[in-house]
Amino acid sequence: RQSASSTMVGQASKAADMRAGNVPKPGMKAMNGGGGSVSRSSQKYVAPAAEKPKAKPKGLTHGQMVMQWEANGRDAEGKLIKHTPKKQGWTKDEINRARDRADAERRRAAEQAAVTTTPAGAAGEAVETAEGVPAHELARARLRELAHALQTGAKGAAGGGAEGASAAEGAGASCEPPPEEQWAIAECRRSQLEELECLEAMFADEFVLVSSAGGVERLRELSESLGEDAAGTDAAALREVAAHPPLECSLQLTAHGERPAAEEGERAVPLVASILLRVRLPVEYPKTPPVLAIEDVMVTTQEPLGRDKMLTTVARLNEDALVAAMLERAAATLPEPCIYEVATCLTESALEAVGHSWV
């Protein structure tokens, strides 16, 4: 009891001293409270996060470059004009206008070539042709079937060789290229994918992807995941991109020309060459030339084909000379993407390779 009273007296004395200003007021911590001010200098130092280097601005894609070349026109030799003093960068509207202009020119050329030019009367009046499907349209339909058969055959070969591919992969692991070469191949792959996308847009009805669509999509996803920094990229993804099989596609191209008159007074016969071109892009393309092969070609007239007649070619083209001319055009274009130039070369000069090989 005495102890309790002495404690109370002590507390009352301290309270009186505090009111008189003789004793400093306790802080929150002294009163078993929380909080209190905390100086910034007492906080733990955290180093600022390192800023990632900004990616270098990308140049024009291949699709944008082709549209720009189309807008620039062609020179006296018929080649696309690629270098002109022009403002840097293209807007989306400019690209769309260039694409529409190229499509309109292509449609106009096709319509002019599709006009059936049968012998007319003495007064120059048009003569109606017999009912039926023009031979060149039947040839193009046949070409489409061959292109899809080529695609199906490539898929079957790829599926049937899965075990062999796995064995080859295991055997080739020891001769895997170093990371620097893998990165160079990956850069080529990106260019190839952009070019294939552009070709598919420009040759909407003529382009067929021979390689597996799923494999190409997988390659696209991996290529995008690599980023722009070779040192910080995913090594497994880089190896897969570098080891991907060469990309292949086919183009169903059409060339127009005429067969000279056999005798004086006769008219030249308009002809259409329907050509199936197969394109293979090596892993280091466009640093190296593409592999080109003419899978099929048929030269026909523009006359309707009678029901009792068989669709046959009226001329044989010199395929070796055509491939050599295309590779020469490719060599003049590399290391820029060259398949559009190759296709243009073929359509411009196909019927010049007939010579005397008329059927």
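This report describes the sheet, the helices packed on it, the nonpolar core and the salt bridges of a predicted model.

## The four-stranded sheet

Four strands make up an open sheet whose order is β1-β2-β3-β4, with antiparallel pairing. Strands β1 and β4 form the edges, each of them pairing on one side only. Averaged over the sheet and with direction ignored, neighbouring strands are turned by 20° against each other.

Strand β1, residues 207–209, pairs with β2 in the antiparallel sense over three bridges, and within this pairing Phe-207 has Leu-251 of β2 as its bridge partner. Strand β2, residues 247–259, is in turn joined to β3 by 13 bridges, again in the antiparallel sense. Two positions illustrate the register of that pairing: Cys-249 has Val-279 of β3 as its bridge partner, and Leu-251 stands opposite Leu-277 of β3. Leu-251 can therefore be followed across the sheet, since this residue is the β2 partner of Phe-207 and also faces Leu-277 in β3, and strands of a sheet pair through backbone hydrogen bonds.

Strand β3 spans residues 269–281 and is mostly covered, 10 of its 13 residues being buried. On its other pairing, β3 is joined by 10 bridges to β4, residues 291–301, and the two strands run antiparallel. Here Arg-280 has Val-291 of β4 as its bridge partner.

## Helices on the sheet

Helix α9, formed by residues 319–333, lies across β3 and β4 and runs at about 125° to β4. Helix α10, formed by residues 339–349, also packs on the sheet, where it touches β2, β3 and β4, and its direction makes about 25° with that of β2.

## The largest nonpolar core

The largest nonpolar core holds 50 residues, and the members that touch the most others are Phe-203, Phe-207, Leu-277, Val-299, Met-326, Ile-339 and Leu-346. Helix α6 gives the most to this core, contributing seven residues. Some of these well-connected members can be placed on elements already described: Phe-207 is bridged to Leu-251 of β2, and Leu-277 of β3 stands opposite that leucine.

Phe-203 offers a closer view of the packing, for apart from neighbours within four places in sequence this residue is in contact with Leu-251, Leu-253, Tyr-340 and Ala-343.

## Salt bridges between elements

Side chains of opposite charge can pair when their charged atoms come close. In the whole structure, a search finds 10 salt bridges, among them one between the side chains of Arg-239 and Glu-176, with an N to O distance of 4.0 Å. Because Arg-239 lies in helix α8 and Glu-176 in the loop between α5 (162–171) and α6 (179–202), this pair ties together parts that are 63 residues apart in sequence. Both partners are partly exposed, Arg-239 at 36% relative accessibility and Glu-176 with a relative accessible area of 41%.

Helix α8 also takes part in a salt bridge between the side chains of Glu-240 and Arg-218, where the N to O distance is 3.1 Å. Glu-240 belongs to helix α8 and Arg-218 to helix α7, so the pair links parts that lie 22 residues apart in sequence. These partners are likewise partly exposed, with a relative accessible area of 36% for Glu-240 and 40% for Arg-218.

A further salt bridge lies within the sheet, between Glu-248 and Arg-278, whose closest N and O atoms are 2.8 Å apart. Since Glu-248 is in strand β2 and Arg-278 in strand β3, the pair ties together parts that are 30 residues apart in sequence. Glu-248 counts as buried because its relative accessibility is 17%, which falls under the 20% limit. Salt bridges with shared partners also join Glu-197, Glu-217 and Arg-220 into one network.

## The loop before helix α8

Thr-233 is found in the loop between α7 (213–225) and α8 (235–243), and at 15% relative accessibility this residue counts as buried. What does Thr-233 contact, leaving aside its neighbours within four places in sequence? The residues in contact with Thr-233 are Trp-183, Leu-226 and Leu-238.

Notes: Residues numbered from 1 in each chain as written. Predicted model: local features only at pLDDT ≥ 70, side-chain atom pairs only at ≥ 80, totals over all residues. Heavy atoms only, no water. Buried < 20%, exposed > 50% of the residue type's maximum accessible area, 1.4 Å probe, protein only. Contact = heavy atoms within 4.5 Å. Pairing = 2+ DSSP bridges. Core = buried A, V, L, I, M, F, W, Y, C linked by side-chain atoms within 4.5 Å. Axes fitted to C-alpha atoms, helices over the stretch in contact; angles between N-to-C directions.
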